[in-house]
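Me: Hey, can you walk me through a structure? I'm new to this, so plain words please.
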Amino acid sequence: MKIKPIILSALILLTTFSTSCKKNENKGSGSNYMFNSCLLNNPQSLDPQYSSDASSATVISNLYSGLLKMDETGAVVCDGAESYTVSSDGLVYTFKLRQDIYWFFDKNDDDKTDEDEYFNVTAKDYVFAFNRLLSPVTQSPHSEKFLCIKGAEKHLNGTTTQLEGVTSTDDYTLIITLEYANADFINLLTTNAAKPCNEEFFLSTKGRYGLDDKSVMSNGSFFIRQWFYDPYGKNNILYMKRNSINSENNTVHPSYLSFSIEKSENDIISSFKKGNTDCFSSMNFDSSYNKNKYYYTAEKTITLGLIFNPSNKIYSNKNLQRALACSIDKKAVEKEINSDISIAYGIIPSGIKLMGKSYREQASDNSFDCYNSDEAIKLFNSAKKELGVESLSSEKILVSTSSLNSKYLHILSQQWQELFGYYIGIEEVSDNEFYSRLEEGDYSIALYPATADYNSGVAFLKKLDECPYVPMTAQCSQAINQLDRIDNSSEYVERFSSIEKQILDENCFIPIFYKNTYLVIKKENEDVVYDAFSGAVNYQNAKHYN
């Protein structure tokens, strides 16, 4: 690989950012601190166009910088782009790239020596990345999300060698043209799949791109110094250092990141309680933690809802499903629950942001409450008549222990028993067994955790539609797929609300609770940013106070 190093004294700091793209330059304290954290399992791949697991997402978010990013408030802001414009028809996105973002390839034990290589990120790196993302060779799990790009479908099925819709006019001007306007496209550009890829470096890895510490190159806040993993051993680690060349123009506060690679969440929690870890993410928060030492951030990113086995003669009966939905007195349940969950009348949780605000703030779900005990009894009796039975045998709801404290479901069970005279209990299983049982069809009713891969209502509804255990009608699926065609995000509120009502009317997913996801942090640390949807924890602005 022949890349000419840039002399540091020649670097020029740009000062003409647009208002929406300005960077926070506050220094904070404790900038030489090494943050210690854990990854649940070894990252599958550090190839942004291919990886999809949470451990990879955390490393990639600290290793790479993309065109745009979502800040801690849920607003989309510039990152590697200095500014961008969108044509009046919503089809052409023109990005002006920052000229002070660099690829950094480390060759020594110290950053920024004469032998290290650092060179500008250019528009060609994004052109190559999108071509890879939509190439049939890459087999990216994210490719279908980007089919709105002009020529994407042809490129993905192998009929073109070059993606038509992503081009560059010079080193710092990137143009993305869409087949049709898609108001969610800006959100898509904040995901890891839209990160750049340098073609020359990619080819130099000879098929190992993203698979080891010598086959990745940083254009973000940190670079990888060491990545060691032995599936049969201990002391597995991924160690990162501050990318000093990029930190000169976009302050990176920590000097080092050290990730131990653990095999279970219990191992991670144990590490945290021993004081070996600065923070960890989890679906559950243990209130026994010493509140003088730790604090947490919580975002409702999951909707827990009842699903029914479509192959089960009894529980696939629509009148029975509707009877169960109408019989839940959610206001009564609300008095018994804690802050980990809240009652879900709708489908989309409050953690989903729309134009920087919670979707649920813009579209109340109170009108979706269908509680009506008299109607529930009528539906229940109709279901028994259709099924040709005098009574129903007791049943159990399959629940993953990682999703919810089952005592809250027992409140529902009690309501059903009082109203219908038959018992629906709870069967708690491990997360692995839960999904294995769903796949095998070994359940009648289950409490399913619906969420999204990134912070987007479109992503949430599409993932629910794609779930094989939630059999939506063709009409509902079509309405969800048409969300891609909305060219104005202000239309989303009305469309989302309409789709929520359709799903509720179909009873293929009966929402019960909105559920928190947590980032638990030592009190001496601040500004650790957590994306609860991808699972990525970003440390660029993290600060430590002694």
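Me: What is the angle between α15 and α16 where they pack?
Reply: Helix α15 (residues 474-481) packs against α16 at about 160°, and their axes are 10 Å apart. The axes are lines fitted to C-alpha atoms, for helices over the stretch in contact, and the angles run from 0 to 180 degrees between N-to-C directions. Helices here (H or I, at least four residues) and strands (E, at least two) are DSSP runs, numbered from the N terminus.

Me: So is α15 roughly parallel or antiparallel to α16?
Reply: Roughly antiparallel. The cut-offs: under 35 degrees is roughly parallel, over 145 roughly antiparallel, 65 to 115 roughly perpendicular, and the rest oblique.

Me: Which residues make that contact?
Reply: From α15 you have Gln-475, Cys-476, Ala-479 and Ile-480, and from α16 Ile-499, Gln-502, Ile-503 and Glu-506. Contact means heavy atoms within 4.5 Å. Five of the residues in this contact of α15 with α16 are nonpolar, two polar and one charged. For those classes, Ala, Val, Leu, Ile, Met, Phe, Trp, Tyr, Cys and Pro count as nonpolar, Asp, Glu, Lys and Arg as charged, and the others, Gly among them, as polar.

Me: Before I go on, where does this model come from?
Reply: It's a predicted model, where local features need pLDDT of at least 70, side-chain atom pairs count only at pLDDT 80 or more, and totals for chains, interfaces and linings use all residues. Residues are numbered from 1 along each chain as its sequence is written, and side-chain values use heavy atoms, with hydrogens and water left out.

Me: OK, another pair. How do α8 and α11 cross?
Reply: The axes of α8 (residues 318-326) and α11 (residues 373-387) come within 8 Å and cross at roughly 160°. That makes α8 roughly antiparallel to α11. Their contact has seven nonpolar, three polar and two charged residues. Among them are Leu-320 and Arg-322 in α8, and Phe-380 and Glu-386 in α11.

Me: Switching to α2: why call it largely enclosed?
Reply: Because ten of the eleven residues of α2 (residues 123-133) are buried, the rest of the structure largely encloses this helix. Buried means under 20% relative accessible area, exposed over 50%, and partly exposed in between (1.4 Å probe, protein chains only). The buried ones include Asp-125, Phe-128 and Arg-132.

Me: How many disulfides are there?
Reply: Zero. A disulfide here is a pair of cysteine sulfur atoms within 2.5 Å. Take Cys-148: the nearest cysteine sulfur, that of Cys-78, is 19 Å away. Cys-148 is also buried, at 2% relative accessible area.

Me: And why is Cys-279 not bonded to Cys-38?
Reply: Because its closest cysteine sulfur, in Cys-38, is 9.0 Å away, which is too far for a bond. Cys-279 is buried too, with 1% relative accessibility.

Me: Any odd backbone angles?
Reply: Look at Asn-41: its phi is positive, about 75°, although it is not a glycine. Asn-41 is in the loop between β1 (34-40) and α1 (54-63). Asn-507 is another non-glycine with a positive phi, near 60°, and is found in the loop between α16 (492-506) and β21 (510-522).

Me: Are those two buried or exposed?
Reply: Asn-41 is partly exposed, at 40% relative accessible area, whereas Asn-507 is buried, at 4% relative accessibility.
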